[in-house]
Every structure is written in structure tokens, then in C-alpha cells.
Amino acid sequence: MTTYTRRGPGQSYLKSVLAERINSLIEHKDLNLEINPLKVYEQMIDQIEEETGSLPPHLTRGVSPETAAANVDVQAIIAPRLTMLMEIANSFLVTIIESKESVPYGIRWICKQIRSLTRRKYPEATDYAICSLIGGFFFLRFINPAVVTPQAYMLVDAVPAKHPRRTLTLIAKMLQNLANKPSYAKEAYMMTLNPFVENNKARINQFLNQLCEVGDFYDTLEMDQYMALSKKDLQINITLNELYNTHSLLLQHIDVLSPNEKQHLRICTDELGPAPAQVPRKENRTIELPLYSRWETPIQDIHMALMSENNLTQNDILYMETKSIFVQLIRSMPNIADKRPINLPGIAERAATTKDAMLVRKGIKVKEMLRELEELHIVDRKDDYKLMQDEVAAELLHLGNLREKVILETRSLDAVYKTICDHNAYLRSQLEQYKAYLQNVRLTSSKDKGSAPVGVVSVGGKEKKQPKSTVLGPYRFTHAQLEKEGIIVESNVPENRRPHIYFNITSPTPGTFIIALHYKGRDKAILEMDLKIDDLLEKQKDNKHLLDLEYVQLNVVKVLQLLNKVFRSK
């Protein structure tokens, strides 16, 4: 769960909510809010000794925490710090509570599952205890790591100074004590901040409960409905290892998923036996897997199947078909879906007189079927076909309004798509930051070695900036070309996709190259690798013959030859 919180949406939330608050705090580098009496005592006597050159007889080193806490001067130092700490912690708390609607859906959904599972597992658990568990995830695993180490979450530009860093740690402890049942066994001095916990306990419990008030994603993204509404012949692309891993997971949880030995999933897994072992990466090919059910009944045989398996009569099937057509008609005409009682003859007549040819056919057909059922004394016009009315109403209630569901599902998919795009943008920004960082490291490394930085030359003992170098390339090579010339030693690209793969090689600065792997029809490269000629020469010197590009392995010597051939005269 901690790993999940570090994905793009979680990082974006932390930055938008905490970055400003943390940056305003760490600006005060000399603000010391230490409240541990022992540390305050030691800092106090260090300062006295520095200012006077010696310590008074009543102030000695190596005292116990109790002695330090009892010191009047220490208490006087700590008192205003407690007030300030509680004010800062309260400002953090208010910011977090006000950001409830900005908390990523996934984080809130996990909080909801923690609450739901706890209630099922421990029915007698109090709301206080349940909120402690939710707070254990939300604060301990999500909020507090970013508060304690903001530089690791890119909320600040550099590691905070000593005093602000300690303040942030104390703030995190206060928030954690607020979310969980506080324990002061190891840090008794934190008990002095208990008023903050007591004053905000109800408020934080309300916030944690509100976090859980989100819908389940499977309420709107129901796979069965999508498959039912999509084309008949379904297939997926899946790798062997993904397939074997799915098989293994099914076997691992088969007793929960399919407790009955006669259930279809259990029959399939029993026939398949143990899951195969994972295959090496080279053999992990992608396959096209058709999706169908061996228990499906062809539509032309449905009547016979129903009659033989369930002892149904032709009259029963007529009744079910009539009900089914009425349900279809009502769902196709949303403006009559909410009218009660349901006027079955009226609906049939309305469908039969519309301009939609399909509805007309169904309307005429269902009118005739309703008449047949009445002649068979299965339904009765005198009670307005009450039996059929009730069953159609129940079916509609179960299915819900199709149009509304589709709209909700579309909105949900739009939200998912936006989240994916946001995460993609976040990853791209991270990539740019890492590239900039690597470039700075290279520049620093060049300076440390005594050489002039990139872009600077020495002329007559004086440094002079070089004119801006021009970018050379890109030069394009197909997968087949590089494979034929022996540059590609090994390829994990499937055979049928290799004709669509090509490589662009660019030289942004002398001695620096970028190899980008592209797939035809896509604007962005699948991957890019920055290379320096020095690194390639060092690999050659160390007898490291392969350069790993994730999808292909390149021969180092032949890569050097290619770069020399392409860029030598440029």
C-alpha cells in the first residue's frame, strides 16, 4: 500500500497540499522548537558554556531526563515552543482536512476497504478503533513520510536545515498521535502535546470517516456488462508469464473463488492442474487468447436447452420471451421507464406505431405473444396482467436504466483516462528532472577531474566559451539493418513487430549520443538511452561486449564503429 501511495496522483496531491506549508516552515532555519527536555537542557548548557566559558555548579552534564524536565529554565524554554508547535500542527491539520476532495480516489478507496474489512472482521470494534486503523494508513503510510522527508517527495529543493527538520518530525509525531491511539512510553515528553490530540480527536475521526465515502469502482466498471454489450468474438493479448501467473493466483485462492466442486472455474482449474513455472524473458512471448465459455449454448439451440435442462414447457418459454421483449422495449424508450403501474398493452401499441422499424417489429410481436398468453390463461387482462407487470418491474429495477448507467460509466472512464494522462505527464516531468540531474552530475564530475566543463575551451591560458554546437542527426536505422550488420546481438522484439521497429541516433554535443527506439506510427520513442563515447570506450576496455537497451542487446565494438562511421565526417 505504501508503494501505491507513491504513484503520480498521490505525489501530485502531496505537492499541492503540503509543499507550500513545508516550504514556509523551513525558511526559518534558526527556529528551534525542540521540546525533549534532555536535548533542551544540553543545548542550554552548551550555550551558557560558550558564552561564559564555564558552567555554574548547579548545572552538570549527564543528567537524567527527569532532572532535565524538572529544571525551571528548561521548562521556561519549552513552554512557548509547545504553543507554537501546536499552532503549526493545527495549520497542517486544517490544510489536510480542507483538501479532502483532492485526495486521490485510490487512496480513499483503500481507506474505505480498511473500514469495511474491520467492521466485518470485528463487528464490535468502536468507531474510534476503526478510525485509528484508517489513520494508520493515511497518515503513517501516506502523509507523514512526506512531512518528515519532503526532499524525497520533491516537495522542497534541498534537505531542510537541522532545526526545521526536527520540527517537521515533531509535527509528524503529533499527527500520528492524533490519528492513532497515542503511546508515550518511549517519549514521555510528547505527553505535553496531548491537548492538541484531545482538542482535535473528534474532528480527525470525522475527516477519516468522510474519506471513506466513495463509490466502489466496480459499481460503474462492470466487466460483464461491457463484454455483453461488445462483439461476440473476444480475444486478448497476454504474455505466457502473465497467463501462468494468473493461473497460479486462481489456484491460490480457488477455495474462496469457487468453493463448489461443480462450479465452472473449479472444473477448469482441476483439469488444467498445477500452474506452469515462469519462463525466461527470451521465451516470454505474447499470444492471442480467444475468450469464450465452453458452457455457452448456441442461440439456435436455446429453446431445446431450456426445455431439456429445466423441464420447461413451451408456454414457459413464451412467457419468458414476452417478459424479455417488454423489458427491452421499456429500456429503449426511457421516457416511459418510470411510469407506474406499467401499461403493457399501451407499451406494445406505442412501440408498434413508432418510426423505428425494429421497435415496430417487436411491438407487433409482443402484442401477439401477450394475446397467446391470455388465451392460455397464464395472464389475465382483467387484472391488467399483474403477474407480468410485477416481474417486468422487478427486472427493470435489477437492471437499472441502461442510459444512465452508460452515462455514468462514460464519465468514470473519462476520469480514469484523465488520471492516466496526468500520471503520464507526471512521469515525463520526472524523467526531465532526472535528465537534468544527470547532466549536472556530469558537469560536476568534469570539474572535479580538473577538466574544463562542457562548452568551455582554453585559449592562450584563458577560458573561452565554445560556440554553441549543432545537433547532428537523427540518423535512422531499421531493426533489420542493425541485425544484419551484427550490431543487434540479441532481440526481445517479437518477430512480427520487428519490421515496424527503427532506431534514431542523434548527437546533441560532441562525444554524446542518444539512441532512441521507435515504433512506426508513434510520435514518441519507446525508450531513449544517453551514451557518452567515454563510457563505450571504457566498456570496450573492460571487455564488456554488450550494451543493454532493454528490448535489444547491442555489440559495443560495432556500436563504436557505427558511431565513428556516421559522425566522423560531420
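Which residues touch the most other members of the largest nonpolar core? Leu18, Phe138 and Ile143 do, in a core that counts 62 residues. Keep in mind while looking around that this is a predicted model.

## The chain at a glance

Let's start with the overall make-up. The chain has 570 residues, and 33% of them count as buried. Its secondary structure consists of 23 helices and eleven strands. Among contacts with a separation of 6 or more, 64% are between residues 24 or more positions apart.

## The largest nonpolar core

Back to the core of the opening question. Seven elements each give at least two residues to this core of 62 residues: helix H2 (8–26), helix H3 (37–52), helix H5 (72–98), helix H6 (105–121), H7, H8 and helix H9 (194–211). H7 provides the largest share, with ten residues.

Leu18 is a good place to zoom in. Setting aside neighbours within four places in sequence, Leu18 is in contact with Phe92, Ile96, Ile143, Ala146, Val147 and Leu155. Ile143, one of these partners, is also among the three residues that touch the most other core members. As general background, nonpolar side chains in soluble globular proteins tend to be buried together.

## A second core and a cavity

Apart from the largest core lies another one, made of 25 residues. Ile487, Phe513, Val556 and Leu563 are among its members.

Ile487 also leads us to a cavity, as it appears in the lining of the largest one. The other lining residues are Leu482, Phe503, Ile505, Ile515, Leu554, Val559 and Leu562. A search of the whole structure turns up one cavity of 30 Å³ or more, and the space in the largest cavity is about 50 Å³. What classes of residue make up the lining of this cavity? Eight are nonpolar, with no polar and no charged residues. Strand S7 (501–509) and helix H23 (556–567) each contribute at least two residues to the lining.

## Gln389 and its surroundings

Is Gln389 buried or exposed? This residue of helix H19 counts as buried because its relative accessible area is 13%, under the 20% cut-off. Its side chain makes two polar contacts with backbone oxygens: that of Ile342 at 2.7 Å and that of Asp384 at 3.0 Å. Beyond neighbours within four places in sequence, Gln389 is in contact with Pro341, Ile342, Leu344 and Asp384.

Asp384 deserves a look of its own. It sits in the loop between helix H18 (357–375) and helix H19 (386–399). Asp384 is not a glycine, yet its phi is positive, at about 60°.

## Other backbone features

Where does Met154 lie? Met154 is found in the loop that runs between helix H7 (127–148) and helix H8 (162–179). Met154 is another residue other than glycine with a positive phi, here near 60°. With a relative accessible area of 26%, Met154 is classed as partly exposed, because that value falls between the 20% and 50% cut-offs.

One more backbone detail is worth a visit. Gly473 and Pro474 are joined by a cis peptide bond, with omega at about 10°. Pro474 belongs to strand S5, which covers residues 472–478.

Notes:
Residues are numbered from 1 along each chain as its sequence is written. This is a predicted model: local features need pLDDT of at least 70, side-chain atom pairs count only at pLDDT 80 or more; totals for chains, interfaces and linings use all residues. Side-chain values use heavy atoms; hydrogens and water are left out. On a 1 Å grid over the protein atoms alone, a cavity is a set of points where a 1.4 Å probe fits but cannot get out, and a pocket is an open set with protein on both sides within 12 Å along at least five of seven lines; lining residues have an atom within 4 Å of a point. Grid points are joined across faces, edges and corners, and a volume is the space filled by probe spheres set on the points. Helices (H or I, at least four residues) and strands (E, at least two) are DSSP runs, numbered from the N terminus. Ala, Val, Leu, Ile, Met, Phe, Trp, Tyr, Cys and Pro count as nonpolar, Asp, Glu, Lys and Arg as charged, and the others, Gly among them, as polar. Buried means under 20% relative accessible area, exposed over 50%, partly exposed in between (1.4 Å probe, protein chains only). A polar contact is a pair of N or O atoms within 3.5 Å; within protein, one must be able to donate a hydrogen and the other to accept it, and residues adjacent in sequence count only if both atoms are side-chain atoms. Contact means heavy atoms within 4.5 Å. A nonpolar core is a set of buried Ala, Val, Leu, Ile, Met, Phe, Trp, Tyr and Cys residues joined through side-chain atoms within 4.5 Å.
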